[in-house]
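Work through these exercises with the sequence and model at hand. Try each task before you read its solution.

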Amino acid sequence: MSVTAIGTYDFPARDVRENFPAPLLYIGWEDHMMFCAPFCLPLPAEMPFGAMVENVLPGAFGDHPDFERIDWSQVLWFKSGQPWQPDFGKTLAENGLGHKDAIRFRTPGLTGIRGSSS
């Protein structure tokens, strides 16, 4: 179904990078419906990916009873729906992550709460 505009749709975008304290990054945990949608977090482009995993993700996903059981060396990563392998020692920007990008991670062996999504 298409939408037909009834007038000019001309205004500046308000979700541009300059309007936020840092680039926005969407982060989701696959197979865990305790979190119904990815979190949208303002994260500095110069933050190392490993620091994000170690210091940011526990605050976002740490209430999940299985979070502490994640083996980060086995996690499968996705960027915009495609398999992707981040470098934990490089910054978010160096990993190719920019404003409003979306990443998701899947934890083999951990699905749902105590395996409820198996």
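**Exercise 1. Which side chains of strand β5 (residues 101-106) point to the buried face, and which to the other?**

Step 1. Walk along β5; the side chains alternate. Strands are DSSP runs of E, at least two residues, numbered from the N terminus.
Step 2. D101, I103 and F105 share one face and are buried. Buried means under 20% relative accessible area, exposed over 50%, and partly exposed in between (1.4 Å probe, protein chains only).
Step 3. A102, R104 and R106 point to the other face and are not buried.

This is a predicted model: local features need pLDDT of at least 70, side-chain atom pairs count only at pLDDT 80 or more, and totals for chains, interfaces and linings use all residues. Residues are numbered from 1 along each chain as its sequence is written, and side-chain values use heavy atoms, without hydrogens and water.

**Exercise 2. In which sense does β5 pair with strand β1 (residues 24-29), parallel or antiparallel? Then place β3 and β2.**

Step 1. β1 and β5 are parallel, with 5 bridges. Two strands pair if DSSP finds at least two bridges between them.
Step 2. Find W29; F105 of β5 stands opposite.
Step 3. Turn to strand β3 (residues 76-79). It runs antiparallel to β5, joined by 4 bridges. Here W77 stands opposite F105.
Step 4. Go back to β1, which also pairs with strand β2 (residues 39-42), antiparallel, over 4 bridges. I27 has F39 of β2 as its bridge partner.
Step 5. Check the cover of β1: 5 of its 6 residues are buried.

**Exercise 3. Is N95 buried or exposed? List what surrounds N95.**

Step 1. Locate N95 in the loop between β4 and β5.
Step 2. N95 counts as buried because its relative accessible area is 10%.
Step 3. Look for a polar contact (a pair of N or O atoms within 3.5 Å; within protein, one must be able to donate a hydrogen and the other to accept it, and residues adjacent in sequence count only if both atoms are side-chain atoms). The N95 side chain reaches the backbone oxygen of K90 at 3.3 Å.
Step 4. List contacts, meaning heavy atoms within 4.5 Å. Neighbours within four places in sequence aside, N95 touches F49, K79, W84, P86, D87 and K90.

**Exercise 4. Where does Q82 sit, and how far is its C-alpha atom from that of D63?**

Step 1. Q82 belongs to strand β4 (residues 82-84).
Step 2. Q82 is exposed, because its relative accessible area is 52%.
Step 3. Q82 and D63 are 19 residues apart along the chain; their C-alpha atoms are separated by 27 Å.
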